[in-house]
Each structure stands twice: as structure tokens, then as C-alpha cells.
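Hi everyone, thanks for making time this morning. I'd like to talk you through some aromatic side chains today, so let's bring the structure up on the screen.

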Amino acid sequence: MKMTKVVPFAMSALLLGGAFGAPTASASEVEAVVTNTDNSEQQVQPVFIKVTGTIDNEEVRENGTYYTVIDGDNTNIMIANKDSLVFDNTGKEVKLQKGDKVSAYSYAKKPMLAIYPPQYNPEVIIVETEEMGSVEVDFFNKDLVDTENNLKLNVGEDMKLVSASGKEVKMDDLKEQHLVVFYTIATMSIPAQTPPSKVIVLDTIEKEEPVEVDPEPTPEPAPTESAVQDIINKDFYEVEGTKMVPLRLIAEELGFKVEVTSKGAIISKGALSYTITRGQKEYGYNKALRQFKVAPALLESGKTYVPVEFVEELMK
């Protein structure tokens, strides 16, 4: 394999004019689902606090089971009891165990103890598996759109519908409610639209006045084209005549979440998901397979490089 580090030059015109997403927080940070953004002054008002990580230890106590959740340098305590809803990302009810990779959603308006490490008593705990399936836990308005205008539900008769309290619920009961939504496919529109496979109404949470979402919210400041161009100009290799650029740096600049795997990475944003494997030209795009001209490679320690043409795809 011929590989050379060459003198930086300007990014090709095909990369100009693409749409950029706003940068996201790293996976180690606690995420919050926001309810409203005022046009004049941005104020983050979380509906659910999301904590992610891997269960490292469990301790059974009188008021529930305390799970130690580790995510990099971050440690959180997750308290599960008989009222906690525990499912995997496909909607199947499961039991928690050591080694599970979890996402826990706690209603943000519940009181919290000022203690370290932080303790959460989540309403919903999702065990992340390798099976295809996504989960959204949020407040949905009368049009069945979530608070950030990211996801709209297209409900059908074959959808499984239940409630946290065990009460019988109907399709109309989904409006202006806190919901747990399980789905596998979504459109690339804004908001993305999905026919969910299962929805749980969190009717144990006190219902509040609905929050109207602007159908055309004011976008957050996007990264400039020069930010990505600068990365490519300063950090690239040529392999077999193909320009190779750093995957993680560019993906995160474009607003993708990057999950490092032993052989590559999984990058995702909204309904988009790409599975990159070093040494393989084939890569996963949602449920489909696509192919690189040159296989991704670890050209520097801890840095996976991909063909520059992949950047254009991320910018669509």
C-alpha cells in the first residue's frame, strides 16, 4: 500500500456548500432533552436528564438496587426499583446486569440530593444492544412532535401501545404526553418521521401545560465551512491515490456522536447511523451496506482515517 503525507492544499469544491450540523457534547457528558428555546434568549429546560454508561457494580438496598454506572472518567449511581421501566433498545423488557451498557432517563423536575457521585432514580432505563432499534424519551406535543422538533410519530394500528401505570390507553392519549418511543426507521426530513413499533405513555408523571414548538425554530450557530476545510488541509494522507482524512474530528465537527469500537467507530445523528470498520471497504449505513474506494485505516495512533468523499456524504 502506497501511503504518503503530502503538503496541505485547499479542500475540493465538492465539499463546499454542504449543510453542517451543530457540535454535540461528548459521550461522557450527561445529556438533557430540552423543552423550549426562546427566540431572544436561549434557555435550556430539560425534560429528562439522560445518563449513559456501563453497569460496573450493583448493591441491593431496602429502597431499591443501586447500580454504579461508569462512562469514561464519569461515575453515576442509578437507583432502580419496582416502578422503574427497564427495556432494551428494541422494546423488549429485560433485567439489568453487570456489564450492560445503559441509557437512563430521569424526570428533570424531581429533587436530587447534592451528593457525589450523583444519584438518579430514572423513570426509564434502556439497555443498549447490538440489535437494530432506537429509543426517544421526551414530551410530545399535540402534533406528536418532540420538544426539539427532531422526531414526529406516525402512529399505525399495528403499533403496540401501553402505559406506565398499566391503564388502557388509545391513540389519542399520545398527544401532549411524556412518551417512550421505540422505532427502527425514520425519514431524513426535519423533523424525522417514524412509524414507532411501541410507545409507552409515562402517565405516572404529572402532566404539565403543553409547550408549543416553533415549526421553524431558530437554528443554533452552525460550524463554518472553513472549520472542516481547516481539519482536512492540516491532517490528511494519500493512500493509493485517495485522500484520507480523520474520521472522528470531522464527524464531531459536523454534529455526529462518535462511539469508538475495537475495530472502528459508529457515528450517528438523528436517524442516521454509520458503522465504520478499519480494513474493510464496506460500511454500514442504517440497514444498508455501502463501499469506500479505499478501506478506512489507523494511519496514526488512535486516529481512524477515511476517504475524503465520505465527508460529502456526512454533509448531505
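I'll go through the ring pairs and then turn to two lysines.

One reminder before we start: this is a predicted model. In total there are 10 aromatic pairs here. Let's begin with Y283 and F310, whose rings meet edge-to-face, with 5.4 Å from centre to centre and 75 degrees between the planes. Where do these two sit along the chain? Y283 belongs to strand β21, residues 282–285, while F310 is in helix α3, residues 309–314. That puts them 27 residues apart, and the pair links distant parts of the chain.

Now, are these residues buried or exposed? Y283 is buried, because its relative accessible area is 5%, under the 20% cut-off. F310 is buried as well, at 3% relative accessibility.

F310 also pairs with F292. Here the centres are 5.3 Å apart and the planes are at 80 degrees, so this pair is edge-to-face. F292 lies in the loop between β22 (288–291) and β23 (297–300), and F310 is in helix α3, so the contact ties together parts 18 residues apart in sequence. F292 counts as buried too, with a relative accessibility of 7%.

If we step back, ring pairs join F256, Y274, Y283, Y285, F292 and F310 into a cluster.

Finally, the lysines I promised. K243 has its charged end over the ring of F236, 4.3 Å from the ring centre. K198 lies over the face of F182, at 5.8 Å from the centre of that ring.

That's my tour, and I'm happy to take questions!

Note on methods:
Residues are numbered from 1 along each chain as its sequence is written. This is a predicted model: local features need pLDDT of at least 70, side-chain atom pairs count only at pLDDT 80 or more; totals for chains, interfaces and linings use all residues. Side-chain values use heavy atoms; hydrogens and water are left out. Rings of Phe, Tyr and Trp (its six-membered ring) pair if their centres lie within 6.5 Å; planes under 30 degrees apart count as stacked, over 60 as edge-to-face and the rest as tilted. Helices (H or I, at least four residues) and strands (E, at least two) are DSSP runs, numbered from the N terminus. Buried means under 20% relative accessible area, exposed over 50%, partly exposed in between (1.4 Å probe, protein chains only). A charge sits over a ring if NZ of Lys or CZ of Arg is within 6 Å of the ring centre and within 35 degrees of the ring normal.
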